[in-house]
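Here are my notes on the model you sent, set out as numbered points. Please read them with the structure open beside you.

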Amino acid sequence: MLEETIELPAIHTILDVQQTTCCIVGSGPTGVVLALLLARQGVPVILLEAHKDLNRDFRGDIVHAGVLEIMDELGLTERLFQQIPHAKADKINFATSKQTVTFADFSRLKTRHPYATIIPQVQFLEFLIAEAQRYPNFKLLMGANVQELIEEDGIIRGVRYRGNNGWHEVRAQLTVGADGRFSRIRQLAGMELNKTGSPMDLLWFRLSRHPEEPEGLMARFGCKRILVTYNNFENNWQIAYVIPKGYYRQLRASGIEALRQSIVEFVPEFADRVEQIKDWNQASLLSVEVGRLPRWYRSGLLLVGDAAHVMSPVGGVGVNYAIQDAVVAANVLGNPLQAGRLQLSHLATVQRQRELSIRTIQGFQTFIQKHIIAKALQSDNTLKLPMYLSLPILRDIPAQLLSFGILPVHVNNRLRVN
Ligand SMILES: Cc1cc2nc3c(=O)[nH]c(=O)nc-3n(C[C@H](O)[C@H](O)[C@H](O)COP(=O)(O)OP(=O)(O)OC[C@H]3O[C@@H](n4cnc5c(N)ncnc54)[C@H](O)[C@@H]3O)c2cc1C
């Protein structure tokens, strides 16, 4: 006789139950901006973050003009720039040993901020959290690792998280999964990304920068490798070493000296400092995945940011698009949440207002990955950069898409400072 195994739900001792209107899981750019904007509208919000601090290295630190315009509308840009060290880049250039072309020229954008800003994400998030903390209806819980959804009659009613001393519950009208590319909320809700393959992985690390070295964002295409460099806010070179997908093991096996030599082949001036890379621990591997949820919501639950759409690193747009999601969600959901009249159609509206922009940028990134990056990563010869990259008629499209998306996002009038 076959014995049937029945999985029983785990029973925890719940230490306390907190009630709020919106429970946001994850204090990355999406969660923090959404929490701030809902708090500004008087909506009670609890923001839960699994880590005890925000201090993680190698988080995205490029912020495009679209986000700065949002910061303008919130009256925050001036203070942001005064308080946090940052660098600016007005172009992204692509270079081979034979030619250099401008891939995105931000200086031609019609905006108060015609550049990409490189700003430490941790300090940016701390700044926004401090802003949210001015509102008594905002609460941040650090070290709150969400592990379960509370579901009743098919409706998500909140979450259970593990804190320092045990299990806790937060019950809410709406739960938002803003918990990033490996979203636990997405998994718990049984939602699956439609994935598009990516030909690459990235290794991130830093080298020092001499003050007289030219600033800028440059992708250098070599044989089977691409090296992206930009000067960061600490006056270092932030470097992304792009390798064929799955190649990392082989790279490591060939030793750290081979990595150093390969970097010097790209940028001979780095010969005087590649010794700074002493250990593989100084580098952080990003396994590139691209994907998108077909549906971002269920009754009582919405997913936004990387949790709803994992971005390719092409153009450094993850933070931008994540914050734009948060603004749209706050614009659409603020009133119904406050009035206690949230419906599924409101959640659908958030997805509808964001979907075209997300599809377009992911399509654009996939095009670049397929027609330029994959070719360089497969080629034994120097890549010939495609002609269309230097066509004047196309030259404003990449900067516009990276900075604003196909449908620029703005903060509702009721949330603006002026
Ligand atoms: C190495 C690297 C470099 C990048 N460079 C750039 C760049 O230059 N420019 C750019 O625009 N984008 C970049 N990106 C992408 C960018 O960082 C992301 O797109 C962006 O951070 C997404 O924001 P998010 O708030 O949706 O998710 P995240 O920033 O991933 O934040 C999710 C948060 O949720 C928390 N969390 C996860 N699980 C739980 C849980 N169970 N309970 C509670 N909290 C939880 C996490 O700790 C995290 O703080 C980079 C990404 C990486 C990995």
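1. A residue is called exposed here if 12 or fewer other C-beta atoms lie within 10 Å of its own, buried if there are 20 or more, and partly exposed in between. The model is a predicted one, and the points below should be read with that in mind.

2. Asp153 has a positive phi of about 50°, although Asp153 is not a glycine. This residue is found in the loop between β9 and β10 (155–163), and with 6 C-beta neighbours inside 10 Å, Asp153 counts as exposed because the limit for that class is 12 or fewer.

3. A second non-glycine residue with positive phi is Lys224, at about 65°, and Lys224 is found in the loop between β14 and β15. Is Lys224 buried, exposed or partly exposed? Lys224 has 14 other C-beta atoms within 10 Å, and it is therefore partly exposed.

4. The two strands that flank this loop, β14 (residues 217–221) and β15 (residues 226–231), pair with each other in the antiparallel sense over 5 bridges. Within this pair, Phe221 stands opposite Ile226 in β15.

5. Both strands belong to an open sheet of 7 strands with mixed pairing, in the order β6-β5-β14-β15-β16-β13-β17. At the edges stand β6 (100–105) and β17 (284–287), and because each has a single partner strand, one side of each is left without a neighbour in the sheet. Direction ignored, neighbouring strands of this sheet are turned by 20° against each other on average.

6. Another open sheet has 3 strands in the order β12-β18-β21, with antiparallel pairing. Its edge strands, β12 (194–196) and β21 (309–310), each pair on one side only. Helix α9 (residues 344–378) packs on this sheet, where it touches β12, β18 and β21, and its direction makes about 160° with that of β18. Strand β18 (residues 290–292) and β21 run antiparallel and are joined by 2 bridges, and the bridge partner of Gly291 in β21 is Val310.

7. Helix α1 has 12 residues and reaches 16 Å from its first C-alpha to its last, which is close to the 16 Å expected at 1.5 Å a residue. How many of the residues of α1 are buried? The count is 12 of the 12, so α1 is largely enclosed by the rest of the structure. The buried residues include Pro29, Val33, Leu37 and Arg40, and what covers the buried residues of α1 includes β1 (14–25), β2, α4 (121–132), β8 (138–142), β11 (166–177) and α8. Just after α1, Gly42 takes a positive phi of about 85°.

8. Turning to the ligand, 36 residues surround it, and the closest are Gly28, Gly60, Gly180, Gly305 and Gly318. The elements that give two or more residues to this shell are α1 (29–40), β2 (45–49), β9 (145–152) and α8 (318–339), and α8 provides the largest share, with 4 residues. Helix α1 thus appears in two of these points: it contributes to the shell around the ligand, and α8 and β2 are among the elements that cover its buried residues.

9. Which kinds of residue make up the shell around the ligand, nonpolar, polar or charged? The shell divides into 16 nonpolar, 13 polar and 7 charged residues.

Methods:
Residues numbered from 1 in each chain as written. Predicted model: local features only at pLDDT ≥ 70, side-chain atom pairs only at ≥ 80, totals over all residues. Pairing = 2+ DSSP bridges. Axes fitted to C-alpha atoms, helices over the stretch in contact; angles between N-to-C directions. Near = placed C-beta within 6 Å. Nonpolar A, V, L, I, M, F, W, Y, C, P; charged D, E, K, R; others polar. Expected span 1.5 Å × (residues − 1). Contact = placed C-beta atoms within 7 Å.
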